[in-house]
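User: I am new to this structure and would like a close look at a single part of it. Please take one helix and follow the charged side chains that pair with it.

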Amino acid sequence: MKFALAALLGVASAVDKDTEMAFISFIAENGKSYGTREEYEFRLAQFSKKVEFVQQHNALNADDHFVGINHMADWTDHEYKKLLGFKHHNKKAHKKHHKHVESVNVSDIPASVDWRTLGAVTPVKNQAQCGSCWAFSATGAMEGRYQIKNNTLVSFSEQQLVDCSKAQGNEGCNGGLMNNAFTYAESNTMDKEDSYPYTGRDGTCHATAGVA
């Protein structure tokens with residue numbers, strides 16, 4: 001049974017009204033739904049903690065950047081850490097190969113480059129509740145390199161890497177390593193995002209002949 005928001009408003013006396021009203025807006029904006037009064041109160045408490053952190057951090061601004069509320073603001077720290085799937089010491093991590101690199105003249109390199117304005121960066125993506133950050137890091141690098149070489153921006157499939165690169169040492173939503181994803185892409189063509197869409201969970205590999 002889902003309780004109406006109006007009935008729930010004000011049930012948690014430990015949270016001030018402004019924060020609870022912001023929570024109501026947060027629920028509506030992010031399509032959230034809680035099945036019980038207890039779940040509502042629990043998520044409101046998590047949201048209140050995040051609001052307090054945001055306010056304190058932005059007031060200090062000690063590291064010259066600001067933070068804000070997003071769709072994860074009602075998550076616990078444990079739920080958030082499940083997203084952190086980078087595994088530096090992956091047991092099947094691709095071994096480093098030291099190749100000879102020719103010297104390059106760097107005297108005319110600009111002080112900075114914004115690849116977003118140059119069309120080499122796809123829009124922000126959402127990994128959902130899956131520890132696949134490594135896959136998004138890998139596709140982001142491949143998308144940029146592909147655009148620089150071919151002058152065409154293509155969104156590559158993170159789900160393909162989640163489902164298909166286990167032989168290279170990745171573990172899908174349980175974590176992985178970008179190097180292993182690159183190793184997979186060296187011998188397997190990458191599908192586009194729209195032909196192999198992201199589901200946010202482990203699946204069976206069904207990659208087709210991709211674009212790169």
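Analyst: What follows is a description of one helix, then of the salt bridges that involve it.

This is a predicted model, in which local features need pLDDT of at least 70 and side-chain atom pairs count only at pLDDT 80 or more, while totals for chains, interfaces and linings use all residues. Residues are numbered from 1 along each chain as its sequence is written, and side-chain values use heavy atoms, with hydrogens and water left out.

The part chosen is helix H5, which covers residues 133-150; helices here are DSSP runs of H or I with at least four residues, numbered from the N terminus. Helix H5 has 18 residues and reaches 26 Å from its first C-alpha to its last, close to the 26 Å expected at 1.5 Å a residue, where the expected span is 1.5 Å times one less than the number of residues. Just after H5, Asn151 takes a positive phi of about 60°.

Among the buried residues of H5 are Trp134, Phe136, Met142 and Glu143, where buried means under 20% relative accessible area, exposed means over 50%, and partly exposed lies in between (1.4 Å probe, protein chains only). What covers the buried residues of the helix includes helix H6 (158-164) and helix H7 (178-187), with contact taken as heavy atoms within 4.5 Å.

Side chains of opposite charge can pair when their charged atoms come close. The structure holds seven salt bridges, each being a side-chain nitrogen of Lys or Arg within 4 Å of a carboxyl oxygen of Asp or Glu. In one of these, the side chains of Lys125 and Glu143 meet at 2.7 Å, N to O. This pair links distant parts of the chain, since Lys125 sits in the loop between helix H4 (77-81) and H5 while Glu143 belongs to H5 itself, 18 residues apart. Glu143 is buried, with a relative accessible area of 2%, whereas Lys125 is partly exposed, at 28%.

Lys125 also forms a salt bridge with Glu193, the closest N and O atoms being 3.0 Å apart. Glu193 lies in the segment after H7 and Lys125 in the loop between H4 and H5, so this pair ties together parts that are 68 residues apart in sequence. Glu193 is buried, with a relative accessible area of 18%. Through shared partners, salt bridges join Lys125, Glu143, Glu158 and Glu193 into one network.

Methods. Helix = DSSP H or I, 4+ residues; strand = E, 2+ residues; numbered from the N terminus.
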